[in-house]
Amino acid sequence: MTKDNIVQLGSELLRQQAEPITDFASPQFKQLLTDMQQLMEEANGVGIAAPQIGVSRQALIIASRPTSRYPHAPLMAATVICNPRFEVIDATRIKDWEGCLSVPGIRALVPRYRVITVSYQDANGSPCQLTLEDFPARVFQHEFDHLQGLVYLDRVENNADIIAESEYFKRLAG
Ligand code: NI
């Protein structure tokens, strides 16, 4: 698989409710995680969801780290999250810039909850909980939306909050 395999906005796959993971021990599931990790790294993403590589299942990876796409992102270990739900801990909604590998060339300001606790199963199917704040909480909420058939543009409150990626990089540099 290459970056060109990332499903782009307009595909029905990005608009479907993803199915739960049940086959944690299967080679297909292990291959899915390998492909997701590889494509996320190749594309300099900080997160990816299974529907973005054409598989409508409830698996996502969050991997906040500084990349060319998000130079100021904090460093955290890549975390595989399956069948997630989350609880809002701090309901303050903060607007910040997001982009998406499935929506190339665009950035937008998106409101997200500041602190959340995620309940999920890890890559082995074991139950886990994780509290996330600020940027990693944002990345999770973005990827979680992909499992519900939503993209970040659906959360934008004002069309004026949508800009070209080239303009976003100018602002970062300025
Ligand atoms: Ni995305």
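Q: Where does F24 lie relative to α1?
A: This is a predicted model, and in it F24 sits in the segment before α1, the helix covering 27–42.

Q: Why does F24 count as buried?
A: Its relative accessibility is 11%. The cut-off for buried is under 20%, so F24 at 11% counts as buried.

Q: What does F24 touch, leaving out residues up to four places away in sequence?
A: The list runs F29, K30, C82, N83, Q121, D122, A123, N124 and G125. A contact here takes heavy atoms within 4.5 Å. As for G125, it is 101 residues from F24 along the chain, yet their C-alpha atoms are separated by 5.9 Å.

Q: What makes N83, one of those F24 contacts, stand out in its backbone?
A: N83 has a positive phi, about 50 degrees, and it isn't a glycine. Most residues other than glycine have a negative phi. N83 belongs to strand β3.

Q: How do you know whether N83 is buried or exposed?
A: Put its relative accessible area of 16% next to the limit of under 20% for buried. N83 passes, so buried is the right word.

Q: What about N44: where is it, and what is its phi?
A: N44 is in the loop between α1 and β1 (47–49). Its phi is positive too, at about 55 degrees, and again the residue is not a glycine.

Q: Why is N44 called partly exposed?
A: Buried needs under 20% and exposed needs over 50%. N44 has 31% relative accessibility, so it counts as partly exposed.

Q: What makes M1 partly exposed, and what does M1 touch?
A: M1, also in the segment before α1, has 44% relative accessibility, so it lands in the partly exposed class. Beyond residues up to four places away in sequence, its contacts are D35, Q38, L39, E42 and I53. M1 and M36 are 35 residues apart in sequence, and their C-alpha atoms are 9.4 Å apart.

Q: How do you know which protein atoms are donors of the nickel ion?
A: A donor is an N, O or S atom within 2.8 Å of the metal. SG of C100, NE2 of H142 and NE2 of H146 lie 2.1 to 2.2 Å from the nickel ion, so they qualify. Along the chain the donors follow the spacing C-x41-H-x3-H. C100, in strand β3 (residues 79–100), and H142, in helix α2 (residues 134–147), are 42 residues apart, so this pair links distant parts of the chain.

Q: Why do C100 and H142 count as buried?
A: The test is again under 20%. C100 has 4% relative accessibility, so it counts as buried. H142 has a relative accessible area of 6%, so H142 does as well.

Q: What makes the protein as compact as a globular protein of its length?
A: Start with the layout: there are 3 helices and 6 strands, in the order α-β-β-β-β-β-α-β-α from the N terminus. The radius of gyration is 15 Å, and the globule rule gives 16 Å for 174 residues; those are close, so the protein is as compact as a globular protein of that length. The C-alpha trace spans about 50 × 35 × 30 Å along its principal axes.

Q: How much of the protein is buried, and what makes up the area it exposes?
A: Buried residues account for 49% of the 174. About 8300 Å² is exposed, with carbon and sulfur atoms supplying 51% of that.

Methods: Residues are numbered from 1 along each chain as its sequence is written. This is a predicted model: local features need pLDDT of at least 70, side-chain atom pairs count only at pLDDT 80 or more; totals for chains, interfaces and linings use all residues. Side-chain values use heavy atoms; hydrogens and water are left out. Helices (H or I, at least four residues) and strands (E, at least two) are DSSP runs, numbered from the N terminus. The radius of gyration is taken over C-alpha atoms; the globule rule is 2.2 Å times the number of residues to the power 0.38. Buried means under 20% relative accessible area, exposed over 50%, partly exposed in between (1.4 Å probe, protein chains only). Accessible areas come from the Shrake-Rupley method with a 1.4 Å probe; for residues, only the protein chains shown count as cover. Donors are N, O and S atoms within 2.8 Å of the metal (3.2 Å for Na, K and Ca); water is not among the atoms, so sites may look incomplete.
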